[in-house]
Amino acid sequence: MNVVVLQGRLARPAEARVLPSGDRLVAFEVTVAGPEGRRETVPVVWFAAPPSAADYDVDTEVIVVGRVRRRFYRAGGSTASRTEVVAEAVLRSGQVKRAAAALRDAIARIEAGTASSTGTAVAARS
């Protein structure tokens, strides 16, 4: 199961991009509390984000629910890689009810994945 939940602040303003494929995304750098009080910055991309997502600015506190991916690409004649979080939802921390709903959906996916890996049938949630 690949589920990630981050809570932190934007380290830089959101960046809206259009890829050569025509896909639209918003890129974030989210700073989270790490072990021993150290801060860590996590790259996040959100495909098909609402237009308002591009307005998120530095220090906006957010909750991100998504998955981790590692992508490979060509750069300068060699292969490079980047590990990032692909967001399903990025919510301002003040949106408690919406954040709780996104977390419930993530928990349901975890439970469904755990049950299916043990052979237990699970009804799909819509």
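This report walks through the overall layout of a predicted protein model, its aromatic rings and its salt bridges.

Before we start, residues are numbered from 1 along each chain as its sequence is written. Because the model is predicted, local features need pLDDT of at least 70 and side-chain atom pairs count only at pLDDT 80 or more, while totals for chains, interfaces and linings use all residues; side-chain values use heavy atoms, with hydrogens and water left out.

## The overall layout

The protein has 1 helix and 6 strands. Following the sequence, you meet them in the pattern β-β-β-β-β-β-α. Here helices (H or I, at least four residues) and strands (E, at least two) are DSSP runs, numbered from the N terminus.

Of the 126 residues in the protein, 32% are buried. Buried means under 20% relative accessible area, exposed means over 50%, and partly exposed lies in between (1.4 Å probe, protein chains only). The protein exposes about 8000 Å², and carbon and sulfur atoms supply 52% of that area. Accessible areas come from the Shrake-Rupley method with a 1.4 Å probe, and for residues only the protein chains shown count as cover.

Contacts (heavy atoms within 4.5 Å) also tell us about the fold. Among those in the protein with a separation of 6 or more, 50% are between residues 24 or more positions apart.

## A cluster of rings

Rings of Phe, Tyr and Trp (its six-membered ring) pair if their centres lie within 6.5 Å; planes under 30 degrees apart count as stacked, over 60 as edge-to-face and the rest as tilted. By this rule there are 2 aromatic pairs. In one of them, the ring centres of Phe28 and Trp46 are 6.4 Å apart and the planes are at 35°, so the pair is tilted. Phe28 belongs to strand S3 (residues 24-33) and Trp46 to strand S4 (residues 39-47), so this pair ties together parts that are 18 residues apart in sequence.

Phe28 also pairs with Tyr56: their ring centres are 5.9 Å apart and their planes at 40°, so this pair is tilted. It links distant parts of the chain, with Phe28 in strand S3 and Tyr56 in the loop between S4 and strand S5 (61-75), 28 residues apart. Ring pairs thus join Phe28, Trp46 and Tyr56 into a cluster. Are these residues buried or exposed? Phe28 is buried at 1% relative accessibility, Trp46 is buried at 9%, and Tyr56 is buried at 7%.

## A network of charges

A salt bridge is a side-chain nitrogen of Lys or Arg within 4 Å of a carboxyl oxygen of Asp or Glu. The protein has 9 salt bridges by this rule, including the following.

| Salt bridge | Closest N to O distance |
|---|---|
| Glu15 and Arg12 | 3.5 Å |
| Arg12 and Glu29 | 3.4 Å |
| Arg17 and Glu15 | 3.3 Å |

Arg12 sits in the loop between strand S1 (4-10) and strand S2 (15-18), whereas Glu29 is in strand S3, so their salt bridge ties together parts that are 17 residues apart in sequence. Glu29 is buried, with a relative accessible area of 14%. Arg12 is partly exposed at 29%, Glu15 is partly exposed at 31%, and Arg17 is partly exposed at 32%.

Which residues does the network of salt bridges link? They are Arg12, Glu15, Arg17, Glu29, Arg69, Arg71, Arg82 and Glu84.

## A look at Arg71

Arg71 is a member of that network and lies in strand S5. Its relative accessibility is 29%, so Arg71 counts as partly exposed. Setting aside neighbours within four places in sequence, Arg71 is in contact with Ala80, Ser81, Arg82 and Glu84. With Glu84, the side chain of Arg71 makes a side-chain polar contact at 2.9 Å. A polar contact is a pair of N or O atoms within 3.5 Å; within protein, one must be able to donate a hydrogen and the other to accept it, and residues adjacent in sequence count only if both atoms are side-chain atoms. Arg71 and Thr83 are 12 residues apart in sequence, and their C-alpha atoms are 6.5 Å apart in space.
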